[in-house]
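Q: I am new to this structure and would like a close look at one part of it, with the surroundings brought in afterwards. Could you begin with a single backbone detail and work outwards from there?

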Amino acid sequence: MSPSKILFKLSGSIACYKACNLISKWVKEGHEVQTIATEAALKFVGASTLEGLTGKPVYHDLYEPGKQMAHINLVKWADLTVLCPGTANTINKLAHGLGNDLLSSLFLAHDFSKPYFIAPAMNTAMFQHPATQAAMKKLESWGVRVLPTGEGRLACGDIGEGKLLEPELIAASIEQVLSKPLNIAGKRLRFLITSGGTEEPIDGVRSISNFSSGRTGVEFAEYFFDQGHDVTLLRANRAMAPTKPVEQVTFKSFHDLDRQLKDQLSNQKFDCVIHLAAVSDYSVDHLLINGEKVAPGAATKFSSDHEITLNLARNYKIVDRIHQYSSNADVVLVAFKLTNHASEEEREKAVLHLLEHSLADIVVQNDLTEVDPENGRHAAALYLGNRLTKRVEKKAELIRSVEQLVLERLKD
Ligand SMILES: Cc1cc2nc3c(=O)[nH]c(=O)nc-3n(C[C@H](O)[C@H](O)[C@H](O)COP(=O)(O)O)c2cc1C
């Protein structure tokens, strides 16, 4: 990251002590850091510590004599703003446009051509509260980048999400976004990538699933993340997880994936959806146990002594609903068509059929005979609309080619 003027905002979390490490790191690297603290933040970290780390007094009082225009001037001064840690209270406050202290007044005066990052830190229940989740989505829709949280033991003793991301990872995420700005008409792109296989419950311990590992989804997600795009990975809860701090949401069953996809697409404005999830064509409608009809997924384990019959119900195609769910009418949809020992003619027919019912913009078609992860082979044919534009042999080539086609499509 080139030397920057960083407005570093702290709100009242126990994670303020960790934020000090980040401040210290950035000051040592030559950045100019001006801290702003809420009254609550100053109960967790002393003004002397913040001044000692940055060489500048901390700002906290909106009405401090001689500094009364700070709520405007600091916005003009800064190259980027980081709220770290971001408490549930402050995140909710910012999302509602309140400005009753210096930190929130500065947000109301924020110039959205400059980056604004939030690293949340709170107890899992506070993080998962619908108000906090809605507030983070709203802030993101305005262009604020809400970084993922870490998982693990929280200060309150609970284990779960909400823990402040480690300072090195916060720095890496911010540096990554800033160092590779990728502009399409001055915008960084937002990708939603689905990955892994759905699991259809039979009873409380058994399910029907498929062999999808979610690996390709992670590779796409990490590649786009490295390019500086905003990426949300909607992955099966047992699929491979990314090692980079990509935002993740998990799903289990077909209906769960459908619900989450709808939620993501209607509440956020994605530029592109890459739909890689292996979605079950059938869910369990009911079971016959010794001739008696039972609903699936009951929190029990049916005895293997029973005579069990599974009755499956055909699912609709989620891919057909992506355009309909999306709040962005211009979203670019990348769909995948895997064929099985198909001839060239059959492959093309399958692609045309997918295009017709899903309204996909780009289709990646591959055949089981040409995918061999052991030897790194991942042959695919790429279609932009119904035009075959490229054939690739390797996964890395596939990912780059999809990126090029997406960018091309977005320029139209
Ligand atoms: C010991 C302690 C730790 C706290 N840690 C957090 C936290 O990590 N995240 C959070 O959202 N609130 C936390 N709180 C609650 C906030 O400090 C409280 O909501 C406060 O009003 C936040 O004010 P601010 O957002 O203006 O800084 C904590 C409170 C205490 C007493």
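A: A good starting place is Gly30, which sits just after helix α1 and takes a positive phi of about 100°. Residues are numbered from 1 along each chain, in the order in which its sequence is written. The model is predicted, so local features are given where pLDDT is at least 70 and side-chain atom pairs count only at pLDDT 80 or more, while totals for chains, interfaces and linings use all residues.

Helix α1 itself runs over residues 16–28; helices here are DSSP runs of H or I with at least four residues, strands are runs of E with at least two, and both are numbered from the N terminus. Its end C-alpha atoms lie 19 Å apart, which agrees with the 18 Å that its 13 residues should span at 1.5 Å a residue, where the expected span is 1.5 Å times one less than the number of residues.

Within α1, the buried residues are Cys16, Lys18, Ala19, Leu22, Ile23 and Trp26. A residue is called buried if 20 or more other C-beta atoms lie within 10 Å of its own, exposed if 12 or fewer do, and partly exposed in between, with the C-beta atoms placed from the backbone. These buried residues are on the same side of α1, because they cover an arc of only 150° around the axis, the arc being that of the directions from the helix axis to the C-beta atoms. They pack against strands β1 (5–10), β2 (32–37) and β3 (80–86), and also against helices α2 (41–44), α3 (47–54) and α9.

One of those packing partners, strand β3, contains Pro85, and the peptide bond from Cys84 to Pro85 is cis, with omega near -5°. Most peptide bonds are trans, and most residues other than glycine have a negative phi.

The ligand is surrounded by 15 residues, of which the closest are Ser11, Gly12, Ser13, Ala40 and Thr87; a residue is taken as near the ligand if its C-beta atom, placed from the backbone, lies within 6 Å of it. Helix α5 (residues 88–95) gives the most to this shell, with 3 residues. By class the shell holds 8 nonpolar residues, 7 polar ones and no charged ones, where Ala, Val, Leu, Ile, Met, Phe, Trp, Tyr, Cys and Pro count as nonpolar, Asp, Glu, Lys and Arg as charged, and the others, Gly among them, as polar.

Stepping back, the chain is assigned a domain 1 (5–179) and a domain 2 (190–281 + 315–411), with bounds that come from an automatic or database domain assignment. The centres of the two domains, taken over C-alpha atoms, are separated by 34 Å. Where they meet, 11 residues of domain 1 are in contact with 8 residues of domain 2, a contact being a pair of residues whose C-beta atoms, placed from the backbone, lie within 7 Å. On the side of domain 1 that touches domain 2, α8 (130–141) and α9 (167–179) each supply at least two residues, and α9 provides the largest share, 4 residues. That side of domain 1 divides into 5 nonpolar, 3 polar and 3 charged residues.

Further along the chain, Arg190 is found in strand β8 (residues 190–195), and with 19 C-beta neighbours inside 10 Å it counts as partly exposed. Leaving aside neighbours within four places in sequence, Arg190 is in contact with Asp230, Lys269, Phe270 and Asp271. Arg190 and Cys272 are 82 residues apart in sequence, yet their C-alpha atoms are 6.6 Å apart in space.

Strand β8 also appears among the elements that cover the buried residues of helix α11. Helix α11 (residues 254–267) reaches 20 Å from its first C-alpha to its last, and its buried residues are Phe254, Leu257, Leu261, Gln264 and Leu265. Seen down the axis, the buried residues of α11 fall within an arc of 100°, so they line one face of the helix.

A positive phi also occurs at Asn290, near 50° in a residue other than glycine; Asn290 is placed in the loop between β14 and β15 (292–294) and is exposed, with 12 other C-beta atoms within 10 Å.

Definitions and conventions:
Two residues are in contact if their C-beta atoms, placed from the backbone, lie within 7 Å.
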